[in-house]
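Here are a few exercises to work through with the model open beside you. Have a go at each one before you read the solution.

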Amino acid sequence: MIKFGPSGLCEQFAQSGLSHTKDAAAWLNKLGLDCFEYSFGRGVQIKSATAKDIGEEFARQGIEMSVHAPYFINLATQDEEKANNNHRYIMDSLAALRDFGGKRCVFHPGSPLKADRKDAMNLLLQRFEKVLVLKEELGFKDLLLCPETMGKKAQLGDLEEVISMCRIGDDSIVPCIDFGHLNSRDCGIYHTKDDYERTVDRLLEGVGEKKTDKMHVHFSKIQYTANGELRHLTFDDEIYGPEFQPLMEVFAEYKLNPYIVCESAGTQTRDALAMKKYYSTLSK
Ligand SMILES: [Zn+2]
């Protein structure tokens, strides 16, 4: 089943007088949403008991949870010690994901910094193979790990780089396609259904049907410059895009079942609902 939900707690949630993540479960269920992404942007600091408690409430309400690993992870780092730490942050994220009872963990691949891009990508792929070994050794084989397409040109994680990461992993390595990021890094590539189809067709060819069907999706409108992503916007933006409607049409037509997380700035729940509502008019 295709799923829609927000990343993190939105402004509307706070305005309802709620503040605890646990309360988001019933709130999202009442709105008719399906999933929720918990972000460990600044580090994995949740206690196991707390995560289990939150996870139980989300399970009760039928809202699937996913996690976003810390933003500072860089698998292309030259520094061995930092690389080992980065492996640990991903494993810590997977452990928390297990406590939440969720299935998907998203992470940012990394940045080449001063290295040549191809060399950096080769190093990243070697490091990623270690991540895959650790993932299995620590008993996280069944959890999906999703390398994300990134919004700045200087970051590793264009569509082809994410595809190459997914190709070395087993079925549990699934792409996280952030359409706002891809739109930003190339200064506005998504306008029509054809534009989105090109990306989905490339995924079908590059990672296969199974991984494309269950891909992770991040969607938001994002302001960009010539270097790529600048800041996340809301669906009220009329300048930068991209628009979600043609993408929903592609998902319906291709009968795909992605897990779609909205990352709008503050209005992510309202905007996730807008996508779900539009999608439901197509799939009847
Ligand atoms: Zn991300």
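**Exercise 1.** What spacing do the donors of the zinc ion follow along the chain?

Keep in mind as you go that this is a predicted model. Start by picking out the ligands: the zinc ion is held by H68 through NE2, by H108 through NE2, and by two OE contacts from E148, at 2.1 to 2.8 Å. Now read them off in sequence order, and the pattern comes out as H-x39-H-x39-E.

**Exercise 2.** Find out which parts of the chain H108 and E148 tie together, and whether these residues are buried or exposed.

Take the positions one by one. H108 sits in the loop between β4 and α5 (117-137), while E148 is in the loop between β5 and α6 (159-168), so this pair links parts that are 40 residues apart in sequence. As for accessibility, H108 is buried, and E148 is buried too.

**Exercise 3.** Decide whether the site of the zinc ion is tetrahedral or irregular.

Look at the angles among the four donor atoms: they run from 51 to 142 degrees. Tetrahedral would need all angles between 85 and 135 degrees. The range breaks that rule, so the site counts as irregular.

**Exercise 4.** Work out the strand order of the sheet that contains β3, then place helix α4 against it.

First, the order: β2-β3-β4-β5, an open sheet of four strands with parallel pairing. The edges are β2 (35-39) and β5 (144-147), each pairing on one side only. On average, neighbouring strands here are turned by 25 degrees against each other, direction ignored. Next, zoom in on β3 (residues 64-68) and β4 (residues 104-107): they pair in the parallel sense over three bridges, and V67 stands opposite C105 in β4. Finally, add helix α4 (residues 80-100), which packs on this sheet and touches β2, β3, β4 and β5. The direction of α4 makes about 165 degrees with that of β3.

**Exercise 5.** Which strands stand at the edges of the sheet that contains β10?

Lay out the order first: β1-β10-β7-β6, again four strands in an open sheet with parallel pairing. β1 (3-6) and β6 (176-178) are the edge strands; each has a single partner, so one side of each is left without a neighbour in the sheet. The twist from one strand to the next averages 20 degrees. For a closer look, follow β1 to β10 (residues 259-262): the two run parallel and are joined by four bridges. Within that pairing, G5 has V261 in β10 as its bridge partner.

Conventions:
Residues are numbered from 1 along each chain as its sequence is written. This is a predicted model: local features need pLDDT of at least 70, side-chain atom pairs count only at pLDDT 80 or more; totals for chains, interfaces and linings use all residues. Side-chain values use heavy atoms; hydrogens and water are left out. Two strands pair if DSSP finds at least two bridges between them. Axes are lines fitted to C-alpha atoms, for helices over the stretch in contact, and angles run from 0 to 180 degrees between N-to-C directions. Contact means heavy atoms within 4.5 Å. Donors are N, O and S atoms within 2.8 Å of the metal (3.2 Å for Na, K and Ca); water is not among the atoms, so sites may look incomplete. Four donors count as tetrahedral if all angles lie between 85 and 135 degrees; four count as square planar and six as octahedral if opposite donors are over 155 degrees apart and all others between 65 and 115; anything else is irregular. Buried means under 20% relative accessible area, exposed over 50%, partly exposed in between (1.4 Å probe, protein chains only).
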